[in-house]
Amino acid sequence: MATCDVCGNNYDKSFTLQQGGRSGTFDSFECAIHTFAPRCVHCECAVIGHGVEGNGQIFCCAHCAAHSGVTGSADQT
């Protein structure tokens with residue numbers, strides 16, 4: 001069993017996630033997302049889908065990108 005880096009739960013089904021030079025041990029995808037998902041520059045929500053990139057920044061959607069001055073992005077309708 002391993003202990004989750006986020007919540008401290010000692011769980012027999014925990015897993016390790018690696019991204020680039022960092023890694024973490026988690027008991028759920030919720031805790032892994034909390035640690036590894038990028039945050040929207042405008043609203044700070046976790047970007048767990050494709051997101052939108054503009055001006056070198058990551059946004060959760062075109063609406064947030066537009067509020068930050070990014071032009072030319074659109075969400076699918």
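Select Thr25 to begin: this residue lies in strand S4 (residues 22-26), where helices (H or I, at least four residues) and strands (E, at least two) are DSSP runs numbered from the N terminus. The structure is a predicted model, in which local features need pLDDT of at least 70 and side-chain atom pairs count only at pLDDT 80 or more, while totals for chains, interfaces and linings use all residues. Residues are numbered from 1 along each chain as its sequence is written, and side-chain values use heavy atoms, with hydrogens and water left out.

With Thr25 still selected, note that its relative accessible area is 17%, so the residue counts as buried, a term that means under 20%, with exposed meaning over 50% and partly exposed in between (1.4 Å probe, protein chains only). Now display what surrounds Thr25: leaving aside neighbours within four places in sequence, the residues in contact with Thr25 are Ala2, Thr3, Cys4, Asp5, Ser14, Phe15 and Thr16, where contact means heavy atoms within 4.5 Å.

Move next to Ser14, one of those partners of Thr25, which sits in the loop between strand S2 (10-11) and strand S3 (15-19). Ser14 has a relative accessible area of 22% and is partly exposed. Not counting residues up to four places away in sequence, Ser14 touches Ala2, Thr25, Phe26 and Asp27. A C-alpha to C-alpha distance drawn from Ser14 to Ser28 should read 7.1 Å, although the two are 14 residues apart in sequence.

From there, select Lys13 and Asp12, whose side chains meet in a salt bridge at 3.4 Å, N to O; the term requires a side-chain nitrogen of Lys or Arg within 4 Å of a carboxyl oxygen of Asp or Glu. A search of the whole structure finds one salt bridge. Lys13 counts as exposed, at 55% relative accessibility.

The next stop is Phe29, which lies in helix H1 (residues 29-36) and is exposed at 64% relative accessibility. Add Ile33 and Ile48 to the selection, and the three residues show a nonpolar surface patch of about 350 Å². Such patches are made of residues with over 30% relative accessible area and no salt bridge, like charges being joined within 9 Å and nonpolar side chains (Val, Leu, Ile, Met, Phe, Trp, Tyr) within 5 Å.

Now select the cysteines, including Cys7 and Cys4: why is Cys7 without a bond to Cys4? The sulfur of Cys7 is 3.8 Å from that of Cys4, its closest cysteine sulfur, which is too far for a bond, since a disulfide is a pair of cysteine sulfur atoms within 2.5 Å. Cys45 is likewise in no disulfide, and the nearest cysteine sulfur, that of Cys43, is 3.5 Å away. Both Cys7, at 45% relative accessibility, and Cys45, at 30%, count as partly exposed. Across the whole structure the search finds zero disulfides.

Finally, show the entire chain, which has two helices and six strands and follows the pattern β-β-β-β-α-β-β-α along the sequence. Along its principal axes the C-alpha trace spans about 50 × 25 × 15 Å. The radius of gyration is 16 Å, whereas a compact globule of 77 residues would have one near 11 Å, taken over C-alpha atoms with a globule rule of 2.2 Å times the number of residues to the power 0.38. Buried residues make up 25% of the 77 residues. Of the contacts with a separation of 6 or more, 8% join residues 24 or more positions apart.

Note on methods. Areas by Shrake-Rupley, 256 points an atom, 1.4 Å probe, with all protein chains shown as cover.
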